[in-house]
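Student: I have a model open and would like to learn how to read its features. Can we go through them together?

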Amino acid sequence: MIKDNQSGLNRLHVVLDALVTVVSYLLAWYIVIGSGWARQLGKKTLEMEFYLGALIVIVPGYLLLYSFFNLYAPKRVLGRRNEFGKILKANTIGLLIFGLVLYFGRKEPHLFNFSQRLVVYFYGINVLLITAERNAIRMVLRSMRTRGYNQKHILLVGYSRAGEEYIDKIRENPEWGYVVCGILDDRIPKGTKYKGVEVIGEIDQLSAILADNNMDEIGITLALEDYDRLEDIVNICEKSGVHTKFIPDYNRVIPSSPYLEDLGGLAVINIRHVPLTNTANMLMKRIVDVFGAIVAIILFSPLMLIAVIGIKLTSRGPLIYKQERVGLHNRPFQMYKFRTMEVQKEEEEKKGWTTKNDPRVTPIGRILRKTSIDEMPQFFNVLKGDMSLIGPRPERPLWVEKFKEEIPRYMIKHQVRPGLTGWAQVNGYRGDTSIRKRIEYDLYYIENWTMGFDMKILFLTFFKGFVNKNAY
(Lines give C-alpha, C1' and ligand atoms only; values in the text may rest on other atoms or scores of the structure.)
Protein backbone atom coordinates (compact mmCIF):
# COMPACT_ATOMS: atom_id res chain seq x y z
CA MET A 1 0.00 0.00 0.00
CA ILE A 2 2.82 2.37 0.90
CA LYS A 3 4.52 1.65 -2.42
CA ASP A 4 1.30 2.52 -4.25
CA ASN A 5 1.00 5.73 -2.23
CA GLN A 6 4.59 6.70 -3.00
CA SER A 7 4.11 6.02 -6.70
CA GLY A 8 0.96 8.16 -6.71
CA LEU A 9 2.72 10.92 -4.78
CA ASN A 10 5.60 10.92 -7.28
CA ARG A 11 3.13 11.31 -10.16
CA LEU A 12 1.43 14.17 -8.30
CA HIS A 13 4.85 15.77 -7.76
CA VAL A 14 5.61 15.62 -11.47
CA VAL A 15 2.24 17.15 -12.40
CA LEU A 16 2.55 19.92 -9.80
CA ASP A 17 6.16 20.68 -10.79
CA ALA A 18 5.07 20.96 -14.43
CA LEU A 19 2.19 23.32 -13.51
CA VAL A 20 4.42 25.47 -11.28
CA THR A 21 7.06 25.67 -14.04
CA VAL A 22 4.40 26.86 -16.50
CA VAL A 23 3.04 29.42 -14.00
CA SER A 24 6.56 30.71 -13.23
CA TYR A 25 7.33 31.08 -16.93
CA LEU A 26 4.03 32.89 -17.64
CA LEU A 27 4.57 35.22 -14.68
CA ALA A 28 8.06 36.05 -15.96
CA TRP A 29 6.61 36.63 -19.45
CA TYR A 30 3.91 38.95 -18.08
CA ILE A 31 6.30 40.98 -15.91
CA VAL A 32 8.88 41.47 -18.67
CA ILE A 33 6.74 41.50 -21.85
CA GLY A 34 3.00 41.29 -21.19
CA SER A 35 2.99 44.35 -18.97
CA GLY A 36 4.68 46.38 -21.73
CA TRP A 37 7.89 46.89 -19.77
CA ALA A 38 10.11 45.61 -22.58
CA ARG A 39 8.42 47.89 -25.10
CA GLN A 40 8.95 50.87 -22.80
CA LEU A 41 12.66 50.01 -22.81
CA GLY A 42 12.62 50.06 -26.62
CA LYS A 43 13.32 46.33 -26.92
CA LYS A 44 12.03 44.33 -29.87
CA THR A 45 9.73 41.57 -28.61
CA LEU A 46 8.64 38.29 -30.10
CA GLU A 47 5.05 37.15 -30.47
CA MET A 48 3.48 35.47 -27.44
CA GLU A 49 2.94 32.27 -29.49
CA PHE A 50 6.71 31.80 -29.82
CA TYR A 51 7.24 32.15 -26.06
CA LEU A 52 4.40 29.71 -25.37
CA GLY A 53 5.86 27.26 -27.86
CA ALA A 54 9.12 27.27 -25.91
CA LEU A 55 7.27 25.63 -23.01
CA ILE A 56 7.15 22.40 -25.04
CA VAL A 57 10.91 22.11 -24.43
CA ILE A 58 11.20 23.95 -21.10
CA VAL A 59 8.72 21.88 -19.04
CA PRO A 60 10.04 18.37 -19.84
CA GLY A 61 13.60 19.71 -19.64
CA TYR A 62 13.11 20.97 -16.09
CA LEU A 63 11.29 17.78 -15.04
CA LEU A 64 14.28 15.78 -16.28
CA LEU A 65 16.62 18.01 -14.25
CA TYR A 66 14.50 17.49 -11.11
CA SER A 67 14.57 13.75 -11.70
CA PHE A 68 18.36 13.85 -12.24
CA PHE A 69 18.79 15.59 -8.88
CA ASN A 70 16.62 12.94 -7.19
CA LEU A 71 13.89 15.42 -6.25
CA TYR A 72 11.26 12.71 -6.43
CA ALA A 73 12.72 10.76 -3.50
CA PRO A 74 10.36 10.24 -0.52
CA LYS A 75 10.01 13.26 1.77
CA ARG A 76 10.97 10.99 4.67
CA VAL A 77 14.56 10.81 3.39
CA LEU A 78 14.87 14.22 1.71
CA GLY A 79 15.35 17.04 4.23
CA ARG A 80 14.06 20.56 3.66
CA ARG A 81 17.51 22.12 3.23
CA ASN A 82 18.72 19.29 1.03
CA GLU A 83 15.63 19.63 -1.14
CA PHE A 84 16.08 23.40 -1.52
CA GLY A 85 19.73 22.88 -2.47
CA LYS A 86 18.73 20.40 -5.18
CA ILE A 87 16.01 22.77 -6.49
CA LEU A 88 18.56 25.59 -6.66
CA LYS A 89 21.13 23.41 -8.46
CA ALA A 90 18.59 22.08 -10.97
CA ASN A 91 17.32 25.57 -11.81
CA THR A 92 20.84 26.98 -12.02
CA ILE A 93 21.79 24.31 -14.55
CA GLY A 94 18.55 25.06 -16.40
CA LEU A 95 19.50 28.74 -16.48
CA LEU A 96 22.97 27.91 -17.85
CA ILE A 97 21.53 25.65 -20.55
CA PHE A 98 19.00 28.36 -21.44
CA GLY A 99 21.84 30.88 -21.72
CA LEU A 100 23.99 28.60 -23.87
CA VAL A 101 21.11 27.92 -26.27
CA LEU A 102 20.47 31.64 -26.67
CA TYR A 103 24.18 32.39 -27.10
CA PHE A 104 24.92 29.75 -29.72
CA GLY A 105 21.62 30.35 -31.50
CA ARG A 106 21.96 34.12 -31.61
CA LYS A 107 22.16 34.09 -35.43
CA GLU A 108 18.55 32.89 -35.51
CA PRO A 109 16.20 35.92 -35.45
CA HIS A 110 13.83 34.33 -32.92
CA LEU A 111 16.56 33.33 -30.47
CA PHE A 112 18.38 36.65 -30.93
CA ASN A 113 15.26 38.55 -29.85
CA PHE A 114 14.36 36.12 -27.05
CA SER A 115 14.23 38.16 -23.82
CA GLN A 116 17.20 37.38 -21.58
CA ARG A 117 15.52 39.34 -18.81
CA LEU A 118 12.59 36.90 -19.01
CA VAL A 119 14.99 33.97 -18.52
CA VAL A 120 16.47 35.54 -15.38
CA TYR A 121 13.04 36.36 -13.95
CA PHE A 122 11.85 32.84 -14.72
CA TYR A 123 14.83 31.43 -12.82
CA GLY A 124 14.10 33.44 -9.66
CA ILE A 125 10.32 32.93 -9.72
CA ASN A 126 10.60 29.22 -10.45
CA VAL A 127 13.01 28.59 -7.55
CA LEU A 128 10.64 30.39 -5.16
CA LEU A 129 7.43 28.75 -6.38
CA ILE A 130 8.85 25.21 -6.66
CA THR A 131 10.24 25.55 -3.12
CA ALA A 132 6.88 26.84 -1.85
CA GLU A 133 5.04 23.98 -3.59
CA ARG A 134 7.40 21.36 -2.12
CA ASN A 135 7.08 22.84 1.39
CA ALA A 136 3.28 22.86 1.10
CA ILE A 137 3.30 19.15 0.16
CA ARG A 138 5.67 18.45 3.05
CA MET A 139 3.34 20.21 5.51
CA VAL A 140 0.30 18.26 4.25
CA LEU A 141 2.17 14.93 4.50
CA ARG A 142 3.42 15.72 8.00
CA SER A 143 -0.10 16.59 9.11
CA MET A 144 -1.47 13.34 7.65
CA ARG A 145 1.27 11.16 9.13
CA THR A 146 1.04 12.77 12.56
CA ARG A 147 -2.68 11.91 12.56
CA GLY A 148 -2.00 8.29 11.60
CA TYR A 149 -2.42 8.32 7.80
CA ASN A 150 0.10 7.24 5.14
CA GLN A 151 2.15 5.40 7.74
CA LYS A 152 4.92 2.88 7.09
CA HIS A 153 4.94 -0.23 9.33
CA ILE A 154 8.37 -1.57 10.28
CA LEU A 155 9.57 -4.67 12.08
CA LEU A 156 12.98 -4.57 13.75
CA VAL A 157 15.15 -7.69 13.75
CA GLY A 158 17.55 -7.64 16.68
CA TYR A 159 17.62 -5.66 19.93
CA SER A 160 20.62 -3.32 20.19
CA ARG A 161 21.69 0.25 20.93
CA ALA A 162 21.13 1.00 17.24
CA GLY A 163 17.56 -0.29 17.53
CA GLU A 164 16.88 1.89 20.57
CA GLU A 165 18.32 4.96 18.83
CA TYR A 166 16.21 4.20 15.74
CA ILE A 167 13.05 4.05 17.88
CA ASP A 168 14.07 7.29 19.61
CA LYS A 169 14.40 9.07 16.25
CA ILE A 170 11.02 7.82 15.06
CA ARG A 171 9.31 8.93 18.28
CA GLU A 172 10.96 12.36 18.00
CA ASN A 173 9.70 12.75 14.41
CA PRO A 174 6.09 11.47 14.16
CA GLU A 175 5.72 13.43 10.90
CA TRP A 176 7.92 10.82 9.20
CA GLY A 177 5.00 8.41 9.46
CA TYR A 178 7.00 5.38 10.68
CA VAL A 179 5.41 2.87 13.06
CA VAL A 180 7.61 0.21 14.67
CA CYS A 181 5.33 -2.82 15.11
CA GLY A 182 7.73 -4.86 17.21
CA ILE A 183 11.17 -6.39 17.67
CA LEU A 184 12.41 -9.93 17.10
CA ASP A 185 15.34 -11.03 19.27
CA ASP A 186 16.71 -14.27 20.74
CA ARG A 187 18.45 -12.78 23.78
CA ILE A 188 15.74 -10.44 25.13
CA PRO A 189 12.64 -12.06 26.73
CA LYS A 190 9.35 -11.79 24.84
CA GLY A 191 7.20 -8.97 26.21
CA THR A 192 10.14 -6.67 27.02
CA LYS A 193 9.32 -3.11 25.94
CA TYR A 194 11.35 -0.10 24.95
CA LYS A 195 9.32 3.12 24.82
CA GLY A 196 6.17 1.23 23.90
CA VAL A 197 7.80 -1.07 21.31
CA GLU A 198 7.58 -4.72 22.38
CA VAL A 199 9.79 -7.73 21.72
CA ILE A 200 7.19 -9.97 20.02
CA GLY A 201 9.22 -13.11 19.38
CA GLU A 202 12.46 -14.69 18.23
CA ILE A 203 14.36 -14.12 14.97
CA ASP A 204 13.36 -17.59 13.68
CA GLN A 205 9.76 -16.31 13.44
CA LEU A 206 10.75 -13.78 10.75
CA SER A 207 9.74 -16.02 7.81
CA ALA A 208 6.27 -16.61 9.24
CA ILE A 209 5.71 -12.92 9.88
CA LEU A 210 6.84 -11.98 6.38
CA ALA A 211 4.47 -14.58 4.93
CA ASP A 212 1.54 -12.56 6.35
CA ASN A 213 2.67 -9.66 4.11
CA ASN A 214 1.64 -6.91 6.53
CA MET A 215 5.00 -5.15 6.90
CA ASP A 216 6.22 -2.33 4.68
CA GLU A 217 9.85 -2.58 5.79
CA ILE A 218 12.24 -4.67 7.84
CA GLY A 219 14.91 -2.89 9.86
CA ILE A 220 17.89 -5.08 10.76
CA THR A 221 19.18 -3.80 14.12
CA LEU A 222 21.26 -6.77 15.26
CA ALA A 223 23.67 -6.39 18.15
CA LEU A 224 27.34 -6.81 17.19
CA GLU A 225 27.51 -10.30 18.70
CA ASP A 226 24.70 -11.48 16.37
CA TYR A 227 26.24 -10.34 13.08
CA ASP A 228 26.94 -13.95 12.09
CA ARG A 229 23.17 -14.21 11.38
CA LEU A 230 23.07 -11.16 9.13
CA GLU A 231 23.44 -12.99 5.82
CA ASP A 232 20.63 -15.46 6.58
CA ILE A 233 18.27 -12.69 7.68
CA VAL A 234 18.97 -10.64 4.54
CA ASN A 235 18.31 -13.72 2.37
CA ILE A 236 14.94 -14.31 4.08
CA CYS A 237 13.94 -10.67 3.58
CA GLU A 238 15.08 -10.62 -0.04
CA LYS A 239 13.18 -13.83 -0.76
CA SER A 240 9.97 -12.28 0.53
CA GLY A 241 10.49 -9.13 -1.55
CA VAL A 242 10.02 -6.76 1.42
CA HIS A 243 12.15 -3.61 1.50
CA THR A 244 15.00 -4.12 3.96
CA LYS A 245 17.28 -1.59 5.63
CA PHE A 246 20.32 -2.17 7.83
CA ILE A 247 20.86 0.02 10.90
CA PRO A 248 24.40 -0.92 12.07
CA ASP A 249 25.32 -1.12 15.73
CA TYR A 250 28.65 0.63 15.24
CA ASN A 251 27.58 4.22 14.59
CA ARG A 252 29.75 5.39 17.48
CA VAL A 253 32.75 4.21 15.51
CA ILE A 254 31.76 4.86 11.89
CA PRO A 255 30.16 8.21 10.89
CA SER A 256 26.63 8.51 9.45
CA SER A 257 28.03 9.12 5.95
CA PRO A 258 31.01 6.75 5.64
CA TYR A 259 33.31 6.86 2.65
CA LEU A 260 32.96 3.66 0.60
CA GLU A 261 35.59 2.38 -1.82
CA ASP A 262 35.16 -0.33 -4.44
CA LEU A 263 38.37 -2.38 -4.30
CA GLY A 264 37.94 -4.69 -7.28
CA GLY A 265 34.40 -5.61 -6.24
CA LEU A 266 35.22 -5.62 -2.49
CA ALA A 267 33.40 -2.92 -0.50
CA VAL A 268 35.81 -1.08 1.79
CA ILE A 269 34.44 1.31 4.43
CA ASN A 270 36.76 4.10 5.51
CA ILE A 271 36.29 4.84 9.20
CA ARG A 272 36.53 8.59 8.60
CA HIS A 273 35.98 10.46 5.34
CA VAL A 274 37.67 13.87 5.31
CA PRO A 275 36.95 15.64 2.00
CA LEU A 276 39.75 18.15 2.64
CA THR A 277 42.38 15.44 2.34
CA ASN A 278 41.60 15.56 -1.39
CA THR A 279 44.26 17.71 -3.10
CA ALA A 280 41.79 19.53 -5.36
CA ASN A 281 39.49 20.40 -2.43
CA MET A 282 42.46 21.51 -0.34
CA LEU A 283 43.80 23.75 -3.13
CA MET A 284 40.38 25.27 -3.82
CA LYS A 285 39.85 26.06 -0.13
CA ARG A 286 43.35 27.55 0.15
CA ILE A 287 42.75 29.87 -2.83
CA VAL A 288 39.50 31.07 -1.26
CA ASP A 289 41.25 31.55 2.11
CA VAL A 290 44.04 33.72 0.67
CA PHE A 291 41.67 35.83 -1.43
CA GLY A 292 39.18 36.16 1.45
CA ALA A 293 41.88 37.12 3.97
CA ILE A 294 43.26 39.86 1.71
CA VAL A 295 39.75 41.28 1.13
CA ALA A 296 38.96 41.10 4.86
CA ILE A 297 42.19 42.87 5.86
CA ILE A 298 41.38 45.71 3.46
CA LEU A 299 37.72 45.84 4.45
CA PHE A 300 38.26 45.74 8.22
CA SER A 301 41.42 47.87 8.37
CA PRO A 302 39.53 50.90 9.80
CA LEU A 303 38.16 48.73 12.64
CA MET A 304 41.60 47.28 13.31
CA LEU A 305 43.10 50.77 13.38
CA ILE A 306 40.51 51.89 15.96
CA ALA A 307 41.27 48.77 18.01
CA VAL A 308 45.02 49.52 17.92
CA ILE A 309 44.46 53.09 19.11
CA GLY A 310 42.10 51.93 21.88
CA ILE A 311 44.55 49.31 23.17
CA LYS A 312 47.49 51.74 23.08
CA LEU A 313 45.61 54.47 24.96
CA THR A 314 44.13 52.28 27.71
CA SER A 315 46.87 49.84 28.78
CA ARG A 316 50.56 49.18 28.62
CA GLY A 317 52.01 46.32 26.64
CA PRO A 318 52.15 44.93 23.09
CA LEU A 319 49.28 45.47 20.66
CA ILE A 320 49.31 41.89 19.41
CA TYR A 321 49.09 38.92 21.73
CA LYS A 322 50.62 35.68 20.45
CA GLN A 323 49.56 32.36 21.89
CA GLU A 324 50.62 28.84 20.96
CA ARG A 325 47.80 26.76 19.50
CA VAL A 326 47.65 23.31 17.89
CA GLY A 327 46.83 23.26 14.19
CA LEU A 328 46.85 21.01 11.14
CA HIS A 329 48.47 17.58 11.74
CA ASN A 330 48.95 18.46 15.45
CA ARG A 331 51.58 21.08 14.59
CA PRO A 332 51.86 24.05 16.99
CA PHE A 333 51.70 27.60 15.66
CA GLN A 334 51.52 31.13 17.04
CA MET A 335 47.97 32.51 16.80
CA TYR A 336 47.57 36.30 16.71
CA LYS A 337 44.97 38.33 18.59
CA PHE A 338 44.63 41.92 19.68
CA ARG A 339 45.67 42.03 23.33
CA THR A 340 42.55 42.28 25.50
CA MET A 341 44.07 41.58 28.94
CA GLU A 342 46.64 43.11 31.20
CA VAL A 343 50.16 41.75 30.61
CA GLN A 344 50.62 38.66 32.83
CA LYS A 345 53.27 36.16 33.71
CA GLU A 346 53.19 32.97 31.62
CA GLU A 347 52.07 30.76 34.52
CA GLU A 348 49.09 33.07 35.19
CA GLU A 349 48.00 32.88 31.57
CA LYS A 350 47.67 29.11 31.82
CA LYS A 351 45.22 29.15 34.72
CA GLY A 352 42.25 28.52 32.44
CA TRP A 353 39.69 30.11 30.15
CA THR A 354 38.55 33.63 30.74
CA THR A 355 35.46 33.74 32.97
CA LYS A 356 32.67 36.26 33.45
CA ASN A 357 33.88 39.54 35.02
CA ASP A 358 37.48 38.34 34.78
CA PRO A 359 39.61 41.15 36.30
CA ARG A 360 42.44 40.45 33.85
CA VAL A 361 40.38 41.77 30.90
CA THR A 362 40.76 45.46 30.10
CA PRO A 363 37.68 47.67 29.44
CA ILE A 364 38.54 48.03 25.73
CA GLY A 365 39.39 44.32 25.67
CA ARG A 366 35.89 43.42 26.84
CA ILE A 367 34.41 45.28 23.86
CA LEU A 368 36.88 43.69 21.45
CA ARG A 369 36.04 40.22 22.76
CA LYS A 370 32.28 40.72 22.62
CA THR A 371 32.43 41.90 19.01
CA SER A 372 35.16 39.41 17.95
CA ILE A 373 37.33 42.30 16.72
CA ASP A 374 40.17 40.84 18.82
CA GLU A 375 40.25 37.87 16.38
CA MET A 376 40.91 39.97 13.28
CA PRO A 377 44.73 39.67 13.33
CA GLN A 378 44.13 35.98 12.56
CA PHE A 379 43.54 37.00 8.95
CA PHE A 380 47.35 37.16 8.85
CA ASN A 381 47.47 33.60 10.24
CA VAL A 382 45.30 32.64 7.27
CA LEU A 383 47.73 34.26 4.82
CA LYS A 384 50.63 32.40 6.46
CA GLY A 385 48.79 29.08 6.07
CA ASP A 386 48.45 28.40 9.81
CA MET A 387 44.68 28.80 9.68
CA SER A 388 41.68 28.85 7.37
CA LEU A 389 38.73 31.26 7.28
CA ILE A 390 36.41 28.37 8.20
CA GLY A 391 37.30 25.40 10.40
CA PRO A 392 37.38 24.11 13.99
CA ARG A 393 38.76 26.62 16.46
CA PRO A 394 42.31 25.74 17.64
CA GLU A 395 43.09 25.04 21.30
CA ARG A 396 46.19 25.49 23.42
CA PRO A 397 48.50 22.45 23.79
CA LEU A 398 47.59 21.85 27.46
CA TRP A 399 43.87 21.66 26.60
CA VAL A 400 44.54 19.39 23.64
CA GLU A 401 46.41 16.96 25.92
CA LYS A 402 43.49 17.05 28.38
CA PHE A 403 40.65 16.71 25.86
CA LYS A 404 42.21 13.95 23.77
CA GLU A 405 42.05 11.67 26.83
CA GLU A 406 38.54 12.71 27.86
CA ILE A 407 36.67 13.16 24.57
CA PRO A 408 36.52 10.37 21.95
CA ARG A 409 37.56 11.42 18.44
CA TYR A 410 38.76 14.83 19.68
CA MET A 411 42.03 14.66 17.72
CA ILE A 412 40.21 14.23 14.39
CA LYS A 413 39.70 18.01 14.31
CA HIS A 414 43.44 18.36 13.58
CA GLN A 415 43.04 16.67 10.20
CA VAL A 416 42.03 20.08 8.78
CA ARG A 417 43.32 23.62 9.26
CA PRO A 418 41.76 25.43 12.23
CA GLY A 419 39.53 28.37 11.39
CA LEU A 420 38.56 31.86 12.46
CA THR A 421 34.96 30.71 12.65
CA GLY A 422 33.26 27.37 12.25
CA TRP A 423 30.06 25.34 12.34
CA ALA A 424 30.21 25.08 16.16
CA GLN A 425 30.66 28.83 16.56
CA VAL A 426 27.68 29.86 14.39
CA ASN A 427 25.57 27.38 16.40
CA GLY A 428 26.45 29.15 19.63
CA TYR A 429 29.30 26.98 20.93
CA ARG A 430 31.94 29.59 21.65
CA GLY A 431 33.88 30.57 24.76
CA ASP A 432 32.74 28.92 28.01
CA THR A 433 30.37 26.33 26.44
CA SER A 434 30.22 22.53 26.17
CA ILE A 435 33.44 21.26 24.58
CA ARG A 436 31.76 17.93 23.76
CA LYS A 437 29.01 19.64 21.75
CA ARG A 438 31.63 21.79 20.06
CA ILE A 439 33.52 18.68 18.96
CA GLU A 440 30.29 17.11 17.62
CA TYR A 441 29.74 20.14 15.38
CA ASP A 442 33.41 20.23 14.37
CA LEU A 443 33.34 16.56 13.34
CA TYR A 444 30.15 17.09 11.35
CA TYR A 445 31.86 19.94 9.49
CA ILE A 446 35.02 17.89 8.82
CA GLU A 447 33.07 14.92 7.44
CA ASN A 448 30.58 16.95 5.40
CA TRP A 449 32.78 19.75 4.06
CA THR A 450 31.86 21.39 0.78
CA MET A 451 32.65 24.86 -0.53
CA GLY A 452 28.93 25.61 -0.28
CA PHE A 453 29.02 24.61 3.42
CA ASP A 454 31.89 27.07 3.96
CA MET A 455 29.89 29.84 2.26
CA LYS A 456 26.91 29.06 4.48
CA ILE A 457 29.02 29.30 7.66
CA LEU A 458 30.59 32.54 6.43
CA PHE A 459 27.11 33.96 5.74
CA LEU A 460 25.83 32.90 9.18
CA THR A 461 28.91 34.41 10.85
CA PHE A 462 27.84 37.88 9.71
CA PHE A 463 24.49 37.44 11.47
CA LYS A 464 25.32 35.48 14.61
CA GLY A 465 29.06 34.91 14.73
CA PHE A 466 30.48 38.37 15.49
CA VAL A 467 28.74 39.26 18.74
CA ASN A 468 29.63 36.56 21.25
CA LYS A 469 27.50 36.43 24.39
CA ASN A 470 29.87 33.80 25.85
CA ALA A 471 32.97 35.98 25.43
CA TYR A 472 34.22 37.52 28.66
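Student: Which residues line the largest cavity?

Tutor: Rolling a probe the size of a water molecule over the atoms shows where empty space is left. Here, a cavity is a set of points on a 1 Å grid over the protein atoms alone where a 1.4 Å probe fits but cannot get out, and lining residues have an atom within 4 Å of a point. In this predicted model, local features need pLDDT of at least 70 and side-chain atom pairs count only at pLDDT 80 or more, while totals for chains, interfaces and linings use all residues. Residues are numbered from 1 along each chain as its sequence is written, and side-chain values use heavy atoms, with hydrogens and water left out. The lining of the largest cavity is made up of K285, V288, D289, S388, L389, I390, M451, D454, M455 and L458.

Student: Where does that lining come from, in terms of helices and strands?

Tutor: Helices (H or I, at least four residues) and strands (E, at least two) are DSSP runs, numbered from the N terminus. At least two lining residues each come from α10 (279–314), β11 (388–390) and α17 (451–465), with α17 giving the largest share, four residues.

Student: What volume does the largest cavity have?

Tutor: About 40 Å³, where a volume is the space filled by probe spheres set on the points, and grid points are joined across faces, edges and corners. The structure holds two cavities of 30 Å³ or more, and the second largest also comes to about 40 Å³. Its lining is V326, G327, P392, R393, P394, K413, H414, V416 and P418.

Student: How many aromatic pairs are there?

Tutor: Rings of Phe, Tyr and Trp (its six-membered ring) pair if their centres lie within 6.5 Å; planes under 30 degrees apart count as stacked, over 60 as edge-to-face and the rest as tilted. That rule gives twelve aromatic pairs. One of them is W399 with F403, stacked at 5.9 Å centre to centre with 20° between the planes. W399 and F403 sit about one helical turn from each other because they are four residues apart in helix α14 (residues 397–406). W423 and F453 make an edge-to-face pair, 5.0 Å centre to centre and 70° between the planes. W423 belongs to helix α15 (residues 423–426) and F453 to helix α17, so this pair ties together parts 30 residues apart in sequence. Ring pairs also link W423, Y441, Y444, Y445 and F453 into a cluster.

Student: Are W423 and F453 buried or exposed?

Tutor: Buried means under 20% relative accessible area, exposed over 50%, partly exposed in between (1.4 Å probe, protein chains only). W423 and F453 are both buried, and W399 and F403 are buried as well.

Student: What is the strand order in the open sheet?

Tutor: Strands of a sheet pair through backbone hydrogen bonds, either parallel or antiparallel. Two strands count as paired if DSSP finds at least two bridges between them. The six strands of this open sheet run in the order β3-β4-β2-β1-β5-β6, with mixed pairing. At the edges are β3 (193–194) and β6 (243–246), each pairing on one side only. Strands β1 (residues 152–157) and β5 (residues 217–220) are parallel and joined by four bridges; L155 has I218 in β5 as its bridge partner.

Student: How many bridges join β7 to β8?

Tutor: Five bridges join β7 to strand β8 (residues 266–270), and the two run antiparallel. E261 stands opposite V268 in β8. Two residues lie between the strands of this hairpin, where G264 takes a positive phi near 60°. Strand β7 (residues 259–263) is hardly covered, with zero buried residues among its five.

Key. 1 Å grid on protein atoms, 1.4 Å probe; cavity = no way out; pocket = protein on both sides within 12 Å on 5 of 7 lines; lining within 4 Å.
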